[in-house]
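Me: Could you walk me through this fold in plain terms? I'd like short questions with short answers.

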Amino acid sequence: FLDDTGVLLPPTGMVVVAITMISQTKFANTTGLVADDTATDHGVAYAGTGTQVAANGANSEVIDVNNVFPAGVTIYGRWSKVTLNSGSCMVYYGPALN
């Protein structure tokens, strides 16, 4: 559970694989959702708040503080760091792909 603006780092060997918004939530700019890069050799990229890469698809954009996620929404991906700007959420862990 995360409800402040501190940085959430998953336990060693884990990444955040899903985030369910408990209340209206915004992620911090640049470092709010840091996409896991351990899966790059699998040709997969994940949405984040940093610079997007070609593997995210043409015209994809970063998630920024102007993007509001309503309560009850779950997003899926692989993140190595989560930082909120506002709101609250429940994070779910899965194994890192080393």
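What follows is a set of questions and replies about this structure.

Reply: Before we start, this is a predicted model, where local features need pLDDT of at least 70, side-chain atom pairs count only at pLDDT 80 or more, and totals for chains, interfaces and linings use all residues. Residues are numbered from 1 along each chain as its sequence is written, and side-chain values use heavy atoms, with hydrogens and water left out.

Me: How many helices and strands does the protein have, and in what pattern?

Reply: Helices (H or I, at least four residues) and strands (E, at least two) are DSSP runs, numbered from the N terminus. On that basis the protein has 0 helices and 6 strands. Along the sequence that reads β-β-β-β-β-β.

Me: Which strand pairs with S2, and over how many bridges?

Reply: Two strands pair if DSSP finds at least two bridges between them. S2 runs antiparallel to its partner, and Ile19 stands opposite Ile75 there. The strand is S5, joined to S2 by 4 bridges.

Me: And how many bridges join S4 to S5?

Reply: These two strands also pair in the antiparallel sense. Ala35 stands opposite Trp79 in S5. The count for S4 and S5 is 3 bridges.

Me: Which strand supplies the largest share of the largest nonpolar core?

Reply: A nonpolar core is a set of buried Ala, Val, Leu, Ile, Met, Phe, Trp, Tyr and Cys residues joined through side-chain atoms within 4.5 Å; buried means under 20% relative accessible area, exposed over 50%, partly exposed in between (1.4 Å probe, protein chains only). The largest one has 15 residues, and Ile19, Phe27, Leu33, Ile75 and Val82 have the most contacts inside it. Strands S2 (14–21), S5 and S6 (89–95) each supply at least two of its residues. The largest share, 4 residues, comes from S5.

Me: Is Phe27 buried or exposed?

Reply: In S5, the bridge partner of Phe27 is Leu84. The relative accessibility of Phe27 is 0%, so Phe27 counts as buried.

Me: What kind of aromatic pair do Phe27 and Phe69 form?

Reply: Rings of Phe, Tyr and Trp (its six-membered ring) pair if their centres lie within 6.5 Å; planes under 30 degrees apart count as stacked, over 60 as edge-to-face and the rest as tilted. Here the centres are 5.6 Å apart, with 75 degrees between the planes. The pair is edge-to-face.

Me: How many residues apart in sequence are the parts that this pair ties together?

Reply: Phe69 is buried too, with a relative accessible area of 14%. Phe27 lies in strand S3 (residues 26–27) and Phe69 in the loop between S4 (33–35) and S5 (74–86), so the parts tied together are 42 residues apart.
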